[in-house]
Amino acid sequence: MTNENVSTTGWAFPPEFKNQGKDVVLVSDEVEIKQSLEILFSTEIKERLQHPEFGCDLKSFLFSEVNNNLVIEIENMIVNAVYAHEPR
């Protein structure tokens, strides 16, 4: 992963349309990356049939006791998901 400035453009999430449905709303740069991360963190592992490895199983921690080990587990899960699925 590099720290280069990467300019990206993609569909807004959730998808939005304008011009009576003829055009799709696009987002760029930080907004697109933020939305991509929101999708990654809110998608459960195996939720996507064509990409079962995509996602981050954060819901598994929902009722866990909060302690240092839990924080480390969550941090590792997030870092691994970002490295695996967010190339920017």
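A salt bridge here is a side-chain nitrogen of Lys or Arg within 4 Å of a carboxyl oxygen of Asp or Glu. Glutamate 38 and lysine 34 fit that bill, with their closest N and O atoms 2.6 Å apart. Keep in mind that this is a predicted model. By the rule above, the count comes to 4 salt bridges, and the structure also holds 1 aromatic pair.

**A salt bridge within helix H1**

- Where do glutamate 38 and lysine 34 sit in relation to each other? They are both in helix H1, which covers residues 29-42, and because they are 4 residues apart there, about one helical turn separates them.
- Glutamate 38 is partly exposed, its relative accessible area being 40%.
- Its partner lysine 34 comes in at 52% relative accessibility and counts as exposed, since the cut-off for that label is over 50%.

**A salt bridge in the loop between H1 and H2**

- Lysine 59 pairs up with glutamate 44 in another salt bridge, and here the closest N and O atoms are 3.4 Å apart.
- This one links distant parts of the chain: lysine 59 and glutamate 44 are 15 residues apart, and each is found in the loop between H1 and helix H2 (68-85).
- How accessible is lysine 59? With a relative accessible area of 55%, lysine 59 is exposed.
- Glutamate 44, at 32% relative accessibility, goes down as partly exposed.

**The network around glutamate 86**

- Glutamate 86 and arginine 88 meet through their side chains in a salt bridge, 2.5 Å from N to O.
- Which residues get joined into one network by salt bridges that share partners? They are Glu32, Glu86 and Arg88.
- Is glutamate 86 buried or exposed? Glutamate 86 has a relative accessible area of 7%, so it is buried; the limit for that label is under 20%.
- Arginine 88 is partly exposed, at 26% relative accessibility.

**The aromatic pair**

- To describe a pair of aromatic rings, you give the distance of the centres and the angle of the planes.
- For tryptophan 11 and phenylalanine 17, that works out as 6.0 Å centre to centre and 85 degrees between the planes.
- The arrangement of tryptophan 11 and phenylalanine 17 is edge-to-face, because planes over 60 degrees apart get that label.
- As for their surroundings, tryptophan 11 and phenylalanine 17 are both exposed.

Definitions and conventions. Residues are numbered from 1 along each chain as its sequence is written. This is a predicted model: local features need pLDDT of at least 70, side-chain atom pairs count only at pLDDT 80 or more; totals for chains, interfaces and linings use all residues. Side-chain values use heavy atoms; hydrogens and water are left out. Rings of Phe, Tyr and Trp (its six-membered ring) pair if their centres lie within 6.5 Å; planes under 30 degrees apart count as stacked, over 60 as edge-to-face and the rest as tilted. Buried means under 20% relative accessible area, exposed over 50%, partly exposed in between (1.4 Å probe, protein chains only). Helices (H or I, at least four residues) and strands (E, at least two) are DSSP runs, numbered from the N terminus.
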